[in-house]
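Here are my notes on this model, as numbered points. Please read them with the structure open.

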Amino acid sequence: METTKLLGTKIRQFRKLRGITQEQLAEASDSTGSYIGKLERGEVNVQIKTLEKIAEALNTNVFALFDYNPYEELKSQPWIWGCIHILSQQSEADQNKAYRILKELFISSENKADVLNKQEEF
């Protein structure tokens, strides 16, 4: 995912955590609601001064907006963490076996190459 989309996602997360609307964030950061919407969707770039105002309005700092951990989103899915916990207690050979079984169960032959390429990225 590109940086503008990641940043926009993070701004949206902070805004929702604070319980404010795009318009309220826009007002607090001397911006417009439509600009905040475009920013959250990753459609526009942001100037540092504007980003500082947004971070201040969200009661955080600019660096927190760039602290993106893709695995954080998985915490809301306890079944994934359960699987990870079970697998972490197994040998590497058994972990590989489980992966191959899941791959055979859920991935069509056309998509296997894509999955294997993504696995190599990790």
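1. Start with Glu52. At 36% relative accessibility, this residue counts as partly exposed. The model is a predicted one, and the value is computed from it.

2. Glu52 has a charged partner. Its side chain meets that of Lys49 in a salt bridge, at 3.8 Å from N to O. Lys49 is exposed, with a relative accessible area of 59%. Both residues lie in helix H4, 3 residues apart, so about one helical turn separates them.

3. How many salt bridges does a search of the whole structure find? The search gives 6. One of them joins Glu40 to Arg12, with the closest N and O atoms 3.4 Å apart. This pair links distant parts of the chain: Glu40 sits in helix H3 and Arg12 in helix H1, 28 residues apart.

4. Is Glu40 buried or exposed? Glu40 is buried, at a relative accessible area of 2%. Its partner Arg12 is partly exposed, at 26%. The pairing also belongs to a wider set: Arg12, Arg15 and Glu40 are linked in a network of salt bridges. Side chains of opposite charge can pair when their charged atoms come close.

5. Arg41 follows Glu40 in the numbering and has a salt bridge to Glu43, at 3.0 Å from N to O. Arg41 is partly exposed, with a relative accessible area of 40%.

6. Now the nonpolar core. The largest one has 14 residues. Which members touch the most others? They are Ile11, Leu25, Leu51, Ile54, Leu58 and Leu65. Helices H1 (3-18), H2 (22-28), H3 (33-40), H4 (48-57) and H5 (62-65) each give two or more residues to this core. In soluble globular proteins, nonpolar side chains tend to be buried together.

7. Leu25 deserves a look. Leaving aside neighbours within four places in sequence, Leu25 is in contact with Ile11, Arg15, Ile20, Ile36, Ile54, Ala57 and Leu58. Arg15 is in that list, and Arg15 is also part of the salt-bridge network with Arg12 and Glu40.

8. Last, the chain as a whole. Its secondary structure comes to 8 helices and 0 strands. Of its 122 residues, 22% count as buried. The chain exposes about 8900 Å², and carbon and sulfur atoms supply 54% of that area. Among contacts between residues at least 6 apart in sequence, 49% join residues at least 24 apart.

Terms used: This is a predicted model: local features need pLDDT of at least 70, side-chain atom pairs count only at pLDDT 80 or more; totals for chains, interfaces and linings use all residues. Side-chain values use heavy atoms; hydrogens and water are left out. Helices (H or I, at least four residues) and strands (E, at least two) are DSSP runs, numbered from the N terminus. Buried means under 20% relative accessible area, exposed over 50%, partly exposed in between (1.4 Å probe, protein chains only). Contact means heavy atoms within 4.5 Å. Accessible areas come from the Shrake-Rupley method with a 1.4 Å probe; for residues, only the protein chains shown count as cover. A nonpolar core is a set of buried Ala, Val, Leu, Ile, Met, Phe, Trp, Tyr and Cys residues joined through side-chain atoms within 4.5 Å. A salt bridge is a side-chain nitrogen of Lys or Arg within 4 Å of a carboxyl oxygen of Asp or Glu.
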